[in-house]
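Reader: Hello! I am new to this structure and would love a close look at a single part of it. Could you pick one piece and walk me through its surroundings?

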Amino acid sequence: MTKGVEPTIRGKTAIVGIGQSKKVGRVPGVSPLALAVEAANAALAESGMQKSEIDAVISTQAMSTSFHRFSVAFSEYWGIVPTYSNNVQVSGATGAATLNEAAAIINAGYAKNVLVVIGDSLLTGMTPDMALRSMTESRDQQYEMPFGIPVANTFAMTAHRHMKEYGTTREHFAHVAVTQRAHAMRTPGAQMTSEITIEDVLNSKVVTTPYHKLDCAVISDGGAAFIVTSADRAKDCPKKPIYILGAGECFTHEHIFLMPEITTTGGVTSSRNAYKMAGVTPSDIDVAGIYDCFTGTVVMMVEDLGFCKKGEGGPFIADGNITYGGAIPSNTHGGLLSYAHIGNGGSYFHAHEVVRQLRGECGDRQVEGAELGLYHALGAGFACAGTTVLGTEATL
Amino acid sequence: MSNSAIDPFAKPLPSPDPDSLPLWEGFRQGKLFLQHCKDCGGIQYYHQASCRNCQSENLEEREASGRGKIHSFSVVHRAPGPAFKNDTPYAVVLVELEEGPRMISSMIDTNPDDLDFELDVAFTTEKINEEISLPRFRLA
Ligand SMILES: [Zn+2]
(Lines give C-alpha, C1' and ligand atoms only; values in the text may rest on other atoms or scores of the structure.)
Protein backbone atom coordinates (compact mmCIF):
# COMPACT_ATOMS: atom_id res chain seq x y z
CA MET A 1 0.00 0.00 0.00
CA THR A 2 2.86 2.40 0.63
CA LYS A 3 5.48 0.81 -1.56
CA GLY A 4 8.12 2.88 -3.23
CA VAL A 5 7.77 6.08 -1.27
CA GLU A 6 10.20 7.48 1.28
CA PRO A 7 9.63 10.93 2.79
CA THR A 8 12.40 12.47 0.72
CA ILE A 9 10.85 15.54 -0.86
CA ARG A 10 8.67 16.82 1.99
CA GLY A 11 8.87 20.61 2.09
CA LYS A 12 11.90 20.75 -0.24
CA THR A 13 10.07 22.63 -2.97
CA ALA A 14 7.30 25.20 -3.24
CA ILE A 15 4.86 26.70 -5.69
CA VAL A 16 5.79 30.38 -5.96
CA GLY A 17 3.67 31.43 -8.91
CA ILE A 18 0.40 30.43 -10.50
CA GLY A 19 -1.25 31.87 -13.58
CA GLN A 20 -4.19 31.40 -15.90
CA SER A 21 -4.94 32.69 -19.36
CA LYS A 22 -6.70 36.08 -19.37
CA LYS A 23 -9.95 34.26 -19.97
CA VAL A 24 -10.97 30.66 -19.34
CA GLY A 25 -14.09 29.01 -20.75
CA ARG A 26 -15.11 30.02 -24.27
CA VAL A 27 -12.02 31.71 -25.74
CA PRO A 28 -12.23 31.60 -29.53
CA GLY A 29 -9.43 33.03 -31.64
CA VAL A 30 -6.59 32.47 -29.17
CA SER A 31 -4.28 29.55 -29.94
CA PRO A 32 -3.40 26.94 -27.30
CA LEU A 33 0.20 28.17 -27.27
CA ALA A 34 -0.95 31.77 -26.83
CA LEU A 35 -3.21 30.67 -23.94
CA ALA A 36 -0.25 28.84 -22.38
CA VAL A 37 1.94 31.94 -22.73
CA GLU A 38 -0.69 34.14 -21.03
CA ALA A 39 -0.74 31.68 -18.14
CA ALA A 40 3.05 31.40 -17.99
CA ASN A 41 3.47 35.19 -17.99
CA ALA A 42 1.00 35.52 -15.12
CA ALA A 43 2.74 32.79 -13.10
CA LEU A 44 6.17 34.26 -13.81
CA ALA A 45 5.03 37.70 -12.67
CA GLU A 46 3.88 36.22 -9.36
CA SER A 47 7.19 34.45 -8.86
CA GLY A 48 9.26 37.58 -9.36
CA MET A 49 11.62 35.61 -11.58
CA GLN A 50 13.05 36.42 -14.98
CA LYS A 51 11.99 34.23 -17.90
CA SER A 52 15.63 33.25 -18.39
CA GLU A 53 15.71 31.64 -14.94
CA ILE A 54 13.24 28.94 -15.99
CA ASP A 55 15.39 25.90 -16.77
CA ALA A 56 12.72 23.21 -17.03
CA VAL A 57 9.33 22.98 -18.73
CA ILE A 58 6.86 20.20 -17.98
CA SER A 59 3.66 19.99 -19.96
CA THR A 60 1.18 17.53 -21.37
CA GLN A 61 -0.50 16.78 -24.65
CA ALA A 62 -2.68 19.64 -25.85
CA MET A 63 -5.51 17.84 -27.66
CA SER A 64 -6.37 20.73 -29.96
CA THR A 65 -2.84 20.98 -31.35
CA SER A 66 -0.88 18.54 -33.46
CA PHE A 67 2.33 18.99 -31.45
CA HIS A 68 3.90 15.78 -30.23
CA ARG A 69 6.09 17.75 -27.81
CA PHE A 70 3.98 20.59 -26.45
CA SER A 71 6.62 21.53 -23.84
CA VAL A 72 9.25 21.94 -26.57
CA ALA A 73 6.92 23.85 -28.88
CA PHE A 74 5.97 26.06 -25.95
CA SER A 75 9.62 26.85 -25.13
CA GLU A 76 10.30 27.96 -28.69
CA TYR A 77 7.12 30.10 -28.71
CA TRP A 78 7.93 31.69 -25.35
CA GLY A 79 11.57 32.17 -26.28
CA ILE A 80 13.46 30.08 -23.74
CA VAL A 81 16.01 27.27 -24.03
CA PRO A 82 15.35 24.96 -21.07
CA THR A 83 17.71 22.16 -20.09
CA TYR A 84 14.85 19.83 -19.10
CA SER A 85 11.59 19.24 -20.96
CA ASN A 86 8.91 16.61 -20.64
CA ASN A 87 5.36 15.88 -21.71
CA VAL A 88 3.44 13.77 -19.27
CA GLN A 89 0.44 11.83 -20.53
CA VAL A 90 -1.47 10.07 -17.78
CA SER A 91 -4.82 11.59 -18.77
CA GLY A 92 -6.57 13.46 -15.98
CA ALA A 93 -3.93 12.46 -13.44
CA THR A 94 -1.40 14.53 -15.37
CA GLY A 95 -2.03 17.59 -13.20
CA ALA A 96 -0.75 16.05 -9.98
CA ALA A 97 1.84 13.93 -11.78
CA THR A 98 3.49 16.99 -13.34
CA LEU A 99 3.61 18.94 -10.05
CA ASN A 100 5.06 15.86 -8.35
CA GLU A 101 7.64 15.53 -11.13
CA ALA A 102 8.59 19.20 -10.81
CA ALA A 103 9.23 18.69 -7.08
CA ALA A 104 11.21 15.52 -7.77
CA ILE A 105 13.56 16.94 -10.40
CA ILE A 106 14.28 20.04 -8.30
CA ASN A 107 14.99 17.83 -5.30
CA ALA A 108 17.28 15.70 -7.46
CA GLY A 109 19.26 18.76 -8.49
CA TYR A 110 18.23 18.28 -12.10
CA ALA A 111 16.49 21.64 -12.41
CA LYS A 112 16.17 24.84 -10.38
CA ASN A 113 13.01 26.62 -11.50
CA VAL A 114 10.33 24.56 -13.22
CA LEU A 115 7.47 25.89 -15.30
CA VAL A 116 4.49 23.52 -15.45
CA VAL A 117 2.26 24.79 -18.24
CA ILE A 118 -0.58 23.90 -20.61
CA GLY A 119 -2.92 25.64 -23.00
CA ASP A 120 -5.72 23.93 -24.87
CA SER A 121 -8.86 24.80 -26.80
CA LEU A 122 -11.21 21.88 -26.35
CA LEU A 123 -14.32 24.04 -26.76
CA THR A 124 -13.58 26.18 -29.82
CA GLY A 125 -10.30 24.89 -31.24
CA MET A 126 -10.95 21.26 -32.14
CA THR A 127 -11.26 20.46 -35.82
CA PRO A 128 -13.79 17.67 -36.44
CA ASP A 129 -10.88 15.29 -37.12
CA MET A 130 -9.24 16.14 -33.81
CA ALA A 131 -12.47 15.75 -31.88
CA LEU A 132 -13.17 12.43 -33.51
CA ARG A 133 -9.65 11.17 -32.96
CA SER A 134 -9.72 12.13 -29.31
CA MET A 135 -13.01 10.28 -28.90
CA THR A 136 -12.18 7.11 -30.79
CA GLU A 137 -8.65 6.84 -29.47
CA SER A 138 -9.54 7.48 -25.87
CA ARG A 139 -10.16 3.82 -25.17
CA ASP A 140 -8.40 0.69 -26.43
CA GLN A 141 -8.91 -0.07 -30.12
CA GLN A 142 -9.31 -3.82 -29.74
CA TYR A 143 -11.14 -4.50 -26.52
CA GLU A 144 -13.14 -1.36 -25.75
CA MET A 145 -13.73 1.10 -28.58
CA PRO A 146 -15.42 -1.33 -31.02
CA PHE A 147 -18.29 -1.44 -28.51
CA GLY A 148 -18.90 2.29 -28.62
CA ILE A 149 -17.56 2.99 -25.15
CA PRO A 150 -16.63 6.61 -24.63
CA VAL A 151 -14.42 7.32 -21.63
CA ALA A 152 -17.53 8.73 -19.93
CA ASN A 153 -19.02 5.27 -20.07
CA THR A 154 -16.14 3.73 -18.10
CA PHE A 155 -16.65 6.27 -15.31
CA ALA A 156 -20.41 5.71 -15.52
CA MET A 157 -20.03 1.96 -15.02
CA THR A 158 -18.00 2.48 -11.85
CA ALA A 159 -20.59 4.91 -10.47
CA HIS A 160 -23.42 2.58 -11.44
CA ARG A 161 -21.83 -0.31 -9.57
CA HIS A 162 -21.26 2.00 -6.59
CA MET A 163 -25.01 2.63 -6.53
CA LYS A 164 -25.64 -1.12 -6.56
CA GLU A 165 -23.11 -1.97 -3.85
CA TYR A 166 -23.62 0.93 -1.44
CA GLY A 167 -27.08 2.31 -2.13
CA THR A 168 -25.69 5.55 -3.54
CA THR A 169 -28.36 7.49 -5.41
CA ARG A 170 -28.56 9.93 -8.29
CA GLU A 171 -29.62 12.53 -5.71
CA HIS A 172 -26.28 11.99 -3.94
CA PHE A 173 -24.49 12.60 -7.23
CA ALA A 174 -26.62 15.68 -7.87
CA HIS A 175 -25.48 17.21 -4.56
CA VAL A 176 -21.95 17.36 -5.97
CA ALA A 177 -23.09 19.33 -9.03
CA VAL A 178 -25.26 21.70 -7.00
CA THR A 179 -22.57 22.32 -4.36
CA GLN A 180 -19.88 23.03 -6.92
CA ARG A 181 -22.16 25.28 -8.96
CA ALA A 182 -22.76 27.34 -5.84
CA HIS A 183 -18.97 27.57 -5.46
CA ALA A 184 -18.52 28.62 -9.11
CA MET A 185 -21.10 31.37 -8.69
CA ARG A 186 -18.62 33.07 -6.35
CA THR A 187 -15.58 32.51 -8.57
CA PRO A 188 -14.62 35.26 -11.02
CA GLY A 189 -14.22 33.85 -14.54
CA ALA A 190 -16.07 30.57 -13.96
CA GLN A 191 -17.76 29.16 -17.04
CA MET A 192 -21.06 28.10 -15.46
CA THR A 193 -22.52 30.54 -12.97
CA SER A 194 -26.30 30.15 -13.04
CA GLU A 195 -27.81 28.48 -10.01
CA ILE A 196 -28.95 24.86 -10.36
CA THR A 197 -31.06 22.60 -8.14
CA ILE A 198 -31.07 18.88 -7.44
CA GLU A 199 -34.14 18.64 -9.69
CA ASP A 200 -32.27 20.38 -12.52
CA VAL A 201 -29.52 17.76 -12.35
CA LEU A 202 -31.95 14.83 -12.16
CA ASN A 203 -34.00 16.18 -15.06
CA SER A 204 -31.12 17.13 -17.36
CA LYS A 205 -30.66 15.05 -20.48
CA VAL A 206 -29.29 11.55 -20.00
CA VAL A 207 -25.79 11.03 -21.42
CA THR A 208 -24.75 7.54 -20.34
CA THR A 209 -26.55 6.01 -17.38
CA PRO A 210 -26.49 6.86 -14.54
CA TYR A 211 -25.01 10.18 -15.68
CA HIS A 212 -27.04 13.05 -17.05
CA LYS A 213 -25.73 16.27 -18.57
CA LEU A 214 -25.33 18.14 -15.29
CA ASP A 215 -23.39 15.21 -13.82
CA CYS A 216 -20.70 15.80 -16.46
CA ALA A 217 -17.79 18.22 -16.68
CA VAL A 218 -17.97 21.19 -19.03
CA ILE A 219 -15.60 21.58 -22.01
CA SER A 220 -13.40 24.66 -22.14
CA ASP A 221 -10.55 26.66 -23.60
CA GLY A 222 -7.82 28.04 -21.39
CA GLY A 223 -4.28 28.00 -20.10
CA ALA A 224 -2.74 27.26 -16.72
CA ALA A 225 0.77 27.51 -15.30
CA PHE A 226 2.82 27.06 -12.13
CA ILE A 227 6.34 28.04 -11.15
CA VAL A 228 7.92 25.53 -8.78
CA THR A 229 11.28 26.14 -7.13
CA SER A 230 13.40 25.05 -4.16
CA ALA A 231 12.27 25.93 -0.65
CA ASP A 232 15.42 28.07 -0.30
CA ARG A 233 14.68 30.13 -3.37
CA ALA A 234 10.97 30.33 -2.48
CA LYS A 235 11.78 32.46 0.56
CA ASP A 236 12.93 35.27 -1.75
CA CYS A 237 9.80 35.20 -3.91
CA PRO A 238 7.12 37.84 -3.34
CA LYS A 239 4.18 35.45 -2.84
CA LYS A 240 3.70 33.31 0.25
CA PRO A 241 5.32 29.98 -0.75
CA ILE A 242 3.05 26.96 -0.82
CA TYR A 243 5.16 23.90 -0.09
CA ILE A 244 4.84 20.48 -1.69
CA LEU A 245 4.68 18.21 1.35
CA GLY A 246 3.67 14.91 -0.14
CA ALA A 247 3.32 13.20 -3.50
CA GLY A 248 1.82 9.90 -4.54
CA GLU A 249 0.66 8.18 -7.69
CA CYS A 250 -0.87 4.86 -8.70
CA PHE A 251 -1.72 3.23 -12.02
CA THR A 252 -3.91 0.20 -11.53
CA HIS A 253 -4.89 -0.88 -15.03
CA GLU A 254 -5.29 0.24 -18.64
CA HIS A 255 -8.54 -1.50 -19.59
CA ILE A 256 -11.57 -0.88 -17.40
CA PHE A 257 -12.22 -4.64 -17.29
CA LEU A 258 -8.86 -5.12 -15.54
CA MET A 259 -9.56 -2.56 -12.83
CA PRO A 260 -9.22 -4.69 -9.68
CA GLU A 261 -12.52 -3.53 -8.12
CA ILE A 262 -14.44 -0.90 -10.01
CA THR A 263 -15.71 0.96 -6.94
CA THR A 264 -12.26 1.43 -5.33
CA THR A 265 -9.49 3.28 -7.13
CA GLY A 266 -5.74 3.80 -7.16
CA GLY A 267 -6.51 7.00 -5.28
CA VAL A 268 -6.33 4.92 -2.09
CA THR A 269 -2.66 4.15 -2.69
CA SER A 270 -1.69 7.50 -4.22
CA SER A 271 -3.24 9.47 -1.36
CA ARG A 272 -1.89 7.20 1.39
CA ASN A 273 1.62 7.56 -0.06
CA ALA A 274 1.20 11.33 -0.24
CA TYR A 275 -0.16 11.54 3.33
CA LYS A 276 2.68 9.36 4.55
CA MET A 277 5.32 11.53 2.91
CA ALA A 278 3.66 14.65 4.30
CA GLY A 279 3.24 13.12 7.74
CA VAL A 280 -0.44 13.98 7.88
CA THR A 281 -3.79 12.20 7.98
CA PRO A 282 -6.95 12.97 6.00
CA SER A 283 -8.55 14.69 8.99
CA ASP A 284 -5.67 17.20 9.07
CA ILE A 285 -6.55 18.52 5.58
CA ASP A 286 -8.32 21.90 5.54
CA VAL A 287 -9.24 22.25 1.87
CA ALA A 288 -9.21 19.98 -1.19
CA GLY A 289 -9.18 20.08 -4.96
CA ILE A 290 -10.67 16.79 -6.12
CA TYR A 291 -10.87 15.77 -9.77
CA ASP A 292 -14.51 15.83 -10.78
CA CYS A 293 -14.97 14.72 -14.37
CA PHE A 294 -18.35 13.40 -13.17
CA THR A 295 -20.33 13.90 -9.98
CA GLY A 296 -19.96 10.26 -8.90
CA THR A 297 -16.20 10.57 -9.22
CA VAL A 298 -16.20 12.97 -6.27
CA VAL A 299 -18.44 10.62 -4.25
CA MET A 300 -15.96 7.79 -4.76
CA MET A 301 -12.95 10.03 -4.10
CA VAL A 302 -14.05 11.39 -0.72
CA GLU A 303 -14.05 7.72 0.27
CA ASP A 304 -10.77 6.70 -1.35
CA LEU A 305 -8.95 9.80 -0.09
CA GLY A 306 -9.98 8.87 3.43
CA PHE A 307 -12.44 11.65 4.25
CA CYS A 308 -15.21 9.14 4.97
CA LYS A 309 -15.70 5.38 4.98
CA LYS A 310 -16.06 3.33 1.79
CA GLY A 311 -19.64 3.47 0.60
CA GLU A 312 -20.58 6.54 2.66
CA GLY A 313 -19.52 9.17 0.12
CA GLY A 314 -23.07 9.90 -1.04
CA PRO A 315 -24.59 10.72 2.36
CA PHE A 316 -21.32 12.45 3.40
CA ILE A 317 -21.66 14.89 0.51
CA ALA A 318 -25.43 15.30 0.84
CA ASP A 319 -24.80 16.31 4.47
CA GLY A 320 -22.81 19.32 3.29
CA ASN A 321 -19.33 17.99 3.98
CA ILE A 322 -17.67 19.26 0.77
CA THR A 323 -18.64 22.87 1.25
CA TYR A 324 -18.01 25.61 3.81
CA GLY A 325 -18.51 24.46 7.36
CA GLY A 326 -18.28 20.81 6.33
CA ALA A 327 -15.54 18.27 6.94
CA ILE A 328 -13.56 19.06 3.80
CA PRO A 329 -14.49 22.08 1.64
CA SER A 330 -13.62 20.94 -1.88
CA ASN A 331 -13.44 22.44 -5.35
CA THR A 332 -14.28 25.88 -4.00
CA HIS A 333 -13.70 27.34 -7.49
CA GLY A 334 -16.38 25.12 -9.04
CA GLY A 335 -14.23 22.33 -10.48
CA LEU A 336 -14.44 20.69 -13.88
CA LEU A 337 -18.21 20.58 -13.43
CA SER A 338 -18.65 24.36 -13.34
CA TYR A 339 -15.38 26.32 -13.48
CA ALA A 340 -13.66 24.89 -16.58
CA HIS A 341 -12.26 21.69 -18.10
CA ILE A 342 -9.42 22.13 -20.57
CA GLY A 343 -8.43 18.45 -20.95
CA ASN A 344 -5.38 16.79 -19.42
CA GLY A 345 -4.55 19.99 -17.59
CA GLY A 346 -8.12 20.62 -16.46
CA SER A 347 -7.40 20.01 -12.82
CA TYR A 348 -4.58 22.56 -12.73
CA PHE A 349 -7.34 24.99 -11.77
CA HIS A 350 -8.09 22.82 -8.73
CA ALA A 351 -4.45 23.13 -7.67
CA HIS A 352 -4.55 26.90 -8.31
CA GLU A 353 -7.57 27.16 -6.02
CA VAL A 354 -5.89 25.14 -3.26
CA VAL A 355 -2.80 27.38 -3.54
CA ARG A 356 -4.97 30.50 -3.34
CA GLN A 357 -6.86 29.11 -0.35
CA LEU A 358 -3.59 28.39 1.44
CA ARG A 359 -2.29 31.87 0.61
CA GLY A 360 -5.53 33.32 2.01
CA GLU A 361 -6.38 35.06 -1.27
CA CYS A 362 -9.88 33.72 -1.86
CA GLY A 363 -11.95 36.62 -0.55
CA ASP A 364 -15.55 35.54 0.00
CA ARG A 365 -14.59 31.99 -1.06
CA GLN A 366 -11.93 31.77 1.64
CA VAL A 367 -11.87 28.70 3.88
CA GLU A 368 -10.88 30.31 7.16
CA GLY A 369 -7.54 29.26 8.54
CA ALA A 370 -6.64 26.89 5.66
CA GLU A 371 -3.02 25.75 6.11
CA LEU A 372 -3.01 22.23 4.64
CA GLY A 373 -4.45 21.33 1.25
CA LEU A 374 -4.96 18.21 -0.82
CA TYR A 375 -4.95 18.02 -4.62
CA HIS A 376 -6.12 14.79 -6.23
CA ALA A 377 -6.18 14.19 -9.97
CA LEU A 378 -7.24 11.07 -11.85
CA GLY A 379 -8.10 9.93 -15.33
CA ALA A 380 -8.74 7.32 -18.01
CA GLY A 381 -11.58 5.52 -16.26
CA PHE A 382 -9.69 5.58 -12.93
CA ALA A 383 -6.63 3.99 -14.52
CA CYS A 384 -4.40 6.84 -13.33
CA ALA A 385 -4.28 8.57 -9.95
CA GLY A 386 -2.05 11.31 -8.59
CA THR A 387 -2.10 13.14 -5.26
CA THR A 388 -0.20 16.16 -3.98
CA VAL A 389 -0.31 17.46 -0.41
CA LEU A 390 0.35 21.20 -0.14
CA GLY A 391 0.93 23.37 2.89
CA THR A 392 1.91 26.78 4.17
CA GLU A 393 5.13 27.53 6.06
CA ALA A 394 3.27 26.78 9.29
CA THR A 395 2.90 23.13 8.23
CA LEU A 396 6.61 22.52 7.59
CA MET B 1 -6.73 -1.33 -41.05
CA SER B 2 -9.66 0.66 -39.81
CA ASN B 3 -10.28 3.92 -41.60
CA SER B 4 -12.43 5.32 -38.82
CA ALA B 5 -10.01 8.19 -38.26
CA ILE B 6 -10.94 9.66 -41.62
CA ASP B 7 -14.53 8.48 -42.01
CA PRO B 8 -16.54 9.67 -39.02
CA PHE B 9 -19.41 7.34 -39.87
CA ALA B 10 -17.28 4.18 -39.86
CA LYS B 11 -17.24 2.34 -36.56
CA PRO B 12 -13.81 1.79 -35.07
CA LEU B 13 -12.76 -1.78 -35.79
CA PRO B 14 -9.91 -3.62 -34.11
CA SER B 15 -6.60 -4.24 -35.82
CA PRO B 16 -5.48 -7.61 -34.42
CA ASP B 17 -1.81 -7.65 -33.39
CA PRO B 18 0.62 -10.57 -33.07
CA ASP B 19 -0.66 -11.25 -29.53
CA SER B 20 -4.33 -11.12 -30.33
CA LEU B 21 -4.62 -12.85 -33.72
CA PRO B 22 -5.79 -16.17 -32.20
CA LEU B 23 -8.40 -14.40 -30.08
CA TRP B 24 -9.89 -12.60 -33.08
CA GLU B 25 -9.70 -15.80 -35.14
CA GLY B 26 -11.71 -17.42 -32.33
CA PHE B 27 -14.34 -14.68 -32.49
CA ARG B 28 -14.51 -15.22 -36.27
CA GLN B 29 -15.39 -18.85 -35.51
CA GLY B 30 -17.91 -17.84 -32.84
CA LYS B 31 -15.65 -18.89 -29.95
CA LEU B 32 -14.34 -17.04 -26.91
CA PHE B 33 -10.87 -18.20 -25.95
CA LEU B 34 -9.19 -17.51 -22.62
CA GLN B 35 -5.54 -18.07 -21.85
CA HIS B 36 -4.80 -20.48 -18.98
CA CYS B 37 -1.34 -20.28 -17.42
CA LYS B 38 0.14 -23.74 -16.97
CA ASP B 39 2.54 -22.45 -14.33
CA CYS B 40 0.41 -20.36 -11.95
CA GLY B 41 -3.09 -21.39 -12.99
CA GLY B 42 -4.09 -17.82 -13.83
CA ILE B 43 -6.79 -17.28 -16.44
CA GLN B 44 -6.69 -14.16 -18.56
CA TYR B 45 -8.66 -12.19 -21.07
CA TYR B 46 -7.25 -10.77 -23.46
CA HIS B 47 -4.48 -12.70 -25.25
CA GLN B 48 -0.88 -11.78 -24.46
CA ALA B 49 2.49 -13.38 -25.13
CA SER B 50 2.93 -13.95 -21.39
CA CYS B 51 0.97 -14.42 -18.16
CA ARG B 52 0.06 -11.16 -16.42
CA ASN B 53 0.56 -12.83 -13.06
CA CYS B 54 3.83 -14.77 -13.40
CA GLN B 55 5.18 -13.81 -16.85
CA SER B 56 5.23 -17.43 -17.94
CA GLU B 57 4.96 -17.98 -21.67
CA ASN B 58 3.52 -21.43 -21.02
CA LEU B 59 -0.06 -20.46 -21.85
CA GLU B 60 -2.81 -22.71 -23.04
CA GLU B 61 -5.79 -21.49 -25.00
CA ARG B 62 -9.14 -22.90 -23.87
CA GLU B 63 -12.62 -22.11 -25.02
CA ALA B 64 -14.69 -20.33 -22.36
CA SER B 65 -18.10 -21.62 -21.31
CA GLY B 66 -19.63 -18.41 -22.64
CA ARG B 67 -21.60 -17.95 -19.44
CA GLY B 68 -21.25 -14.78 -17.42
CA LYS B 69 -22.98 -12.16 -15.31
CA ILE B 70 -23.40 -8.45 -15.75
CA HIS B 71 -21.02 -6.84 -13.26
CA SER B 72 -21.89 -3.33 -14.38
CA PHE B 73 -23.37 -1.52 -17.36
CA SER B 74 -24.12 1.89 -18.74
CA VAL B 75 -26.68 2.71 -21.37
CA VAL B 76 -25.29 5.20 -23.87
CA HIS B 77 -27.79 7.85 -24.94
CA ARG B 78 -25.29 10.33 -26.32
CA ALA B 79 -23.09 8.53 -28.83
CA PRO B 80 -19.31 8.95 -28.92
CA GLY B 81 -19.27 10.31 -32.46
CA PRO B 82 -21.50 9.89 -35.50
CA ALA B 83 -20.67 6.20 -36.03
CA PHE B 84 -22.75 5.12 -33.05
CA LYS B 85 -25.49 7.72 -33.35
CA ASN B 86 -28.06 5.41 -34.93
CA ASP B 87 -27.50 2.76 -32.26
CA THR B 88 -28.56 4.82 -29.22
CA PRO B 89 -29.71 3.93 -26.69
CA TYR B 90 -27.35 0.96 -26.45
CA ALA B 91 -25.91 -0.84 -23.44
CA VAL B 92 -22.21 -1.30 -22.87
CA VAL B 93 -21.70 -4.12 -20.38
CA LEU B 94 -18.88 -5.20 -18.11
CA VAL B 95 -19.34 -8.96 -18.04
CA GLU B 96 -17.80 -11.19 -15.41
CA LEU B 97 -17.19 -14.53 -17.08
CA GLU B 98 -17.83 -17.79 -15.24
CA GLU B 99 -14.06 -18.46 -15.39
CA GLY B 100 -13.33 -15.18 -13.57
CA PRO B 101 -11.99 -12.65 -16.07
CA ARG B 102 -14.08 -9.64 -17.00
CA MET B 103 -14.55 -8.15 -20.46
CA ILE B 104 -16.24 -5.21 -22.11
CA SER B 105 -18.88 -5.94 -24.70
CA SER B 106 -22.31 -4.85 -25.78
CA MET B 107 -25.69 -6.54 -25.80
CA ILE B 108 -27.67 -7.72 -28.78
CA ASP B 109 -31.36 -8.57 -28.97
CA THR B 110 -31.84 -6.89 -25.60
CA ASN B 111 -33.93 -3.94 -24.52
CA PRO B 112 -31.57 -1.80 -22.39
CA ASP B 113 -34.43 -1.33 -19.90
CA ASP B 114 -34.32 -5.05 -19.15
CA LEU B 115 -30.71 -4.97 -17.94
CA ASP B 116 -29.70 -5.32 -14.33
CA PHE B 117 -26.70 -6.21 -12.21
CA GLU B 118 -25.81 -9.91 -11.87
CA LEU B 119 -28.10 -10.95 -14.73
CA ASP B 120 -26.98 -14.10 -16.52
CA VAL B 121 -25.72 -13.47 -20.03
CA ALA B 122 -24.45 -15.69 -22.82
CA PHE B 123 -21.63 -15.08 -25.27
CA THR B 124 -22.28 -14.78 -28.97
CA THR B 125 -20.62 -13.06 -31.89
CA GLU B 126 -21.69 -10.66 -34.58
CA LYS B 127 -20.05 -10.80 -37.99
CA ILE B 128 -18.93 -7.34 -39.08
CA ASN B 129 -16.90 -8.31 -42.18
CA GLU B 130 -14.86 -11.25 -43.49
CA GLU B 131 -12.03 -10.61 -41.01
CA ILE B 132 -13.79 -9.28 -37.95
CA SER B 133 -16.55 -10.66 -35.79
CA LEU B 134 -17.20 -8.82 -32.53
CA PRO B 135 -17.95 -10.56 -29.23
CA ARG B 136 -21.46 -9.76 -27.98
CA PHE B 137 -23.73 -10.95 -25.22
CA ARG B 138 -27.43 -11.69 -24.95
CA LEU B 139 -29.59 -12.42 -21.93
CA ALA B 140 -29.26 -16.09 -20.98
ZN1 LIG C 1 1.10 -17.42 -14.68
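Author: Let's take helix H1 of chain A, in what is a predicted model. H1(A) has 16 residues, and from its first C-alpha to its last it reaches 23 Å. That is close to the 22 Å expected at 1.5 Å a residue. Of these 16 residues, 13 are buried, so H1(A) counts as mostly covered, with buried standing for under 20% relative accessible area. Just past the end of H1(A) comes Gly48(A), which takes a positive phi of about 75°.

Now for the sheet beside the helix. H1(A), residues 32–47, packs on it and touches S1, strand S4 (113–121) and strand S7 (221–230) of chain A. The direction of H1(A) makes about 130° with that of S1(A).

The sheet itself is open and holds nine strands of chain A with mixed pairing, in the order S3-S2-S4-S7-S1-S8-S11-S10-S9. At its edges are strand S3 (84–88) and strand S9 (287–290) of chain A, each of which pairs on one side only. On average, neighbouring strands of this sheet are turned by 25° against each other, direction ignored.

Let's look at S1 again. Strand S1 (residues 13–20) of chain A pairs with strand S8 (residues 242–251) of chain A in the antiparallel sense, over three bridges. Ile15(A) has Ile242(A) in S8(A) as its bridge partner.

From S8 we meet another helix: H9 (residues 267–278) of chain A lies across S8, strand S10 (372–379) and strand S11 (384–391) of chain A. H9(A) runs at about 150° to S8(A).

Notes: Residues are numbered from 1 along each chain as its sequence is written. Chains are lettered from A and ligands numbered from 1 in the order in which they are written. This is a predicted model: local features need pLDDT of at least 70, side-chain atom pairs count only at pLDDT 80 or more; totals for chains, interfaces and linings use all residues. Side-chain values use heavy atoms; hydrogens and water are left out. Two strands pair if DSSP finds at least two bridges between them. Helices (H or I, at least four residues) and strands (E, at least two) are DSSP runs, numbered from the N terminus. Axes are lines fitted to C-alpha atoms, for helices over the stretch in contact, and angles run from 0 to 180 degrees between N-to-C directions. Contact means heavy atoms within 4.5 Å. The expected span of a helix is 1.5 Å times one less than its number of residues. Buried means under 20% relative accessible area, exposed over 50%, partly exposed in between (1.4 Å probe, protein chains only).
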